[in-house]
Amino acid sequence: MTAPGQVASAGLDRRNKWAFGIGTVGRDMVYTLISMYFLYFLSDVAKVPREVFVTAGFLILGARLFDAFADIGMGALVDNTRSRWGQYKPWIAGGALASALFTVLMFTDLGLTNGAFIAAVALIYLLWSLSWTANDIPYWSMLPALTIDQKQRERYGSIAKIFATIGLFTVVVAVLPVTKALTPSVGEYQIVNGEVQANVASWTWFAAGVVVIMLLGQAVTLFGVKEPRIVANQERTNLKALAKAVFGNDQLLWTALAMVLFMTGYLTTTTFGTYYFKYVYGDENMYSPFGAVLVASQLLGYGIFPAVSRRYSRHTLFTAAIGLILVGYVIFFFSDALAGYLNAAALAMTGTEVGLAHIIVIGVAGLLMFIGDAFVTILMLVFLTDTIEYGHWKMNHRNGSVTFAVQPFINKVGAALSTQIVAVLIALAAVNPDRPQDVTAEGLLTIKLGMLVIPPVLIVISYLIYRAKYRIDADLYARIVADLKQRGELS
C-alpha cells in the first residue's frame, strides 16, 4: 500500500511538472521571435540601410553580452529574495510584464531613422534583455528547487522542453504566412515576385499576440507551481560568495563553455534559416515546412528521451546525439547532389522523378539534426542543474539561482555571437530583399558556409570539451547527495 505522504508527493510532482512546463510555451514564442527573426525583421521587413543594419547588429551584440554578465548578479538577487510569494515568483511576474512591453516595441515603427533609429533599437533591446533576465533566471532556477532526483529533473526538463518546442513551432511555422495575411488589413504593402511582402505593422500585431500567450502561460506557472522544501537552510549570497559560486565551480565553468559553443552553432543555423531558403532556394516559404520538421523532430526527441535515458548513460546519449547532428549537417550540405541522385534513381526505377526531392532530403537532414539537438538540450540542462549540488558539496554553500543564472548567460552569449555571425555574413553576401534573385555566387557560398559549416565546427569543439572535462556521472552525483544529507545540508 502507498503511504499518504507518497501520494501527496506524487500529486505535487504531477502538478508542478505540468504547471512549470506550460509556462514555457509563450516564453519560447517570444524568445524565438527575437532570437531567430529580429535580424530578418530589420533587414527584410523594415529594410534598414546596410550600414545601419550592421551597426545595429554590433550594438545588439554589446547589449546581449552586457545583459549576459548581468545574469549572474540577477542570480544573486534571486538567491537573496525572501517574500510571502516565495523566492522566484515575484521576479517571474515582474519580468514577464516588462519583457512583454519591450517585445512589442521592438517590432513597432517608431518613426525614427539613422542614428536615432540605431539608438532606439539598442536601448529597447537592452531593456528587453534585462526584463527577460528578471523573468528567465528565477523561472529556470525554480527547476532544481522542485526536486533533487536526477530522473525527476530529466522528466521536468523533458516536459518543459516539449512545451517550449510547441511555442517555437508556432512561431517558426506561423510568422511568415500570418504576417503576410495580416498585411493588407493593417497598412500599405509591396508585391514582389507576385507575393505580398509583410509590412512592419503586421509584425507589430503578431508580436502583440505572442506576448499575450506568454502572459497566460506564465500565469499558469505562477498560480500552479508549489515549491517543496528541499534545502534545510540556505544562506544569503554576498559578493564574495557570488564570485566563489561561479569561479570556484569548475564543472559549472566547463559546462558553460561547452554549452556556449553548442548554442552559438545551433542558433547560427536556425537564424540563417529564413535567409537560406529565400536566397539559396529562392523561396522563403520553404522555411515553414522545414520549421515543421525542426519542431516535430525536437518534440520526438523530447518525447523519447525519458525512455532511452533509462537504458543508456548520459555519456552515451550525448555522444549519439552529437553524431546525429553531424550526419544531419553533412546531408544538408550535400542536399543538391543527394536530391539529384534520388531523382536519377527514381527515373531509372519508375520512369518519373521524385516530387519535392529537395524537401525530402532536407527533411531527413533536419530530422537527424533536431532529434540530436533535443537530446543535447535536455542533457546540458541537467548537466548544469547537477553542478548546483556539486558546488554545494565542494564549497559548503548552495547558490542555486546564481549557478542556474549561467543557463540564460549561455543562451544570451550564444545568441549574441550567432546574431553577429549572421549579421556580418549577410552584409558580406550583399543580399537585396527586393531582388533576392540577384545574389551572387559568392554571396550564396557565404550564406551556405555560415549556415552549414561554421555551426558543426563549433558543435564538435563543444563535444570535445565535454568529453575532456565533465565528470559528474551518476555515481559521483549519488555520493554528493549522500554526503550533503549526512552533513544536514539537504532534507
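The legends below walk through several close-up views of this predicted model.

Residue numbers start from 1 along each chain as its sequence is written. Because the model is predicted, local features need pLDDT of at least 70 and side-chain atom pairs count only at pLDDT 80 or more, while totals for chains, interfaces and linings use all residues; side-chain values use heavy atoms, with hydrogens and water left out.

**View 1. The largest pocket has a volume of about 400 Å³.** On a 1 Å grid over the protein atoms alone, a pocket is an open set of points with protein on both sides within 12 Å along at least five of seven lines, and lining residues have an atom within 4 Å of a point. Grid points are joined across faces, edges and corners, and a volume is the space filled by probe spheres set on the points. Of the 25 lining residues, Phe-41, Ala-46, Asp-109, Phe-117 and Val-200 are the closest to the pocket centre. Helix 2 (24-45), helix 4 (89-106) and helix 5 (114-146) are the elements that give two or more residues to this lining; helices here are DSSP runs (H or I, at least four residues), numbered from the N terminus. By class, the lining has 17 nonpolar, 5 polar and 3 charged residues, where Ala, Val, Leu, Ile, Met, Phe, Trp, Tyr, Cys and Pro count as nonpolar, Asp, Glu, Lys and Arg as charged, and the others, Gly among them, as polar.

**View 2. The largest cavity has a volume of about 500 Å³.** A cavity is a set of grid points where a 1.4 Å probe fits but cannot get out, and the count comes to 7 cavities of 30 Å³ or more. Of the 28 residues that line the largest cavity, Asp-28, Tyr-31, Lys-161, Met-263 and Asn-411 lie nearest its centre. Many helices meet here in the lining: helix 2, helix 5, helix 6 (150-186), helix 9, helix 10 (287-309), helix 13 and helix 15 (406-429) each give two or more residues. The lining divides into 15 nonpolar, 8 polar and 5 charged residues.

**View 3. The second largest cavity holds about 90 Å³ of space.** Its lining includes Tyr-40, Asp-44, Lys-180, Trp-203, Lys-278 and Glu-284. Helix 2 and helix 6 are the elements that give two or more residues to this lining, which has 5 nonpolar, 2 polar and 5 charged residues. Two of the lining residues, Asp-44 and Lys-278, also form a salt bridge, with the closest N and O atoms 2.7 Å apart. A salt bridge here is a side-chain nitrogen of Lys or Arg within 4 Å of a carboxyl oxygen of Asp or Glu. This pair links Asp-44 in helix 2 with Lys-278 in helix 9 (residues 250-280), 234 residues apart. Both Asp-44 and Lys-278 are buried (buried means under 20% relative accessible area, exposed over 50%, partly exposed in between, with a 1.4 Å probe and protein chains only).

**View 4. Arg-27 has a salt bridge partner in Asp-136 and a ring partner in Tyr-139.** The closest N and O atoms of Asp-136 and Arg-27 are 2.2 Å apart. Asp-136 lies in helix 5 and Arg-27 in helix 2, so the salt bridge ties together parts that are 109 residues apart in sequence. Asp-136 is buried at 5% relative accessibility, and Arg-27 is buried at 2%. Arg-27 also lies over the face of Tyr-139, 4.6 Å from the ring centre; a charge sits over a ring if NZ of Lys or CZ of Arg is within 6 Å of the ring centre and within 35 degrees of the ring normal.

**View 5. Lys-394 forms a salt bridge with Asp-250.** Their closest N and O atoms are 3.0 Å apart. Lys-394 lies in helix 13 and Asp-250 in helix 9, so the pair ties together parts that are 144 residues apart in sequence. Lys-394 is partly exposed at 43% relative accessible area, and Asp-250 is partly exposed at 24%. A search of the whole structure finds 5 salt bridges.

**View 6. Phe-318 pairs with Phe-383 and with Tyr-466.** Rings of Phe, Tyr and Trp (its six-membered ring) pair if their centres lie within 6.5 Å; planes under 30 degrees apart count as stacked, over 60 as edge-to-face and the rest as tilted. The whole structure has 32 aromatic pairs. Phe-318 and Phe-383 are tilted, at 5.8 Å centre to centre and 45° between the planes. Phe-318 sits in helix 11 (residues 314-333) and Phe-383 in helix 13 (residues 357-395), 65 residues apart. Phe-318 and Tyr-466 are also tilted, at 4.3 Å and 40°, and Tyr-466 belongs to helix 17 (residues 454-469). Phe-318 is buried at 1% relative accessible area, and Phe-383 is buried at 3%.
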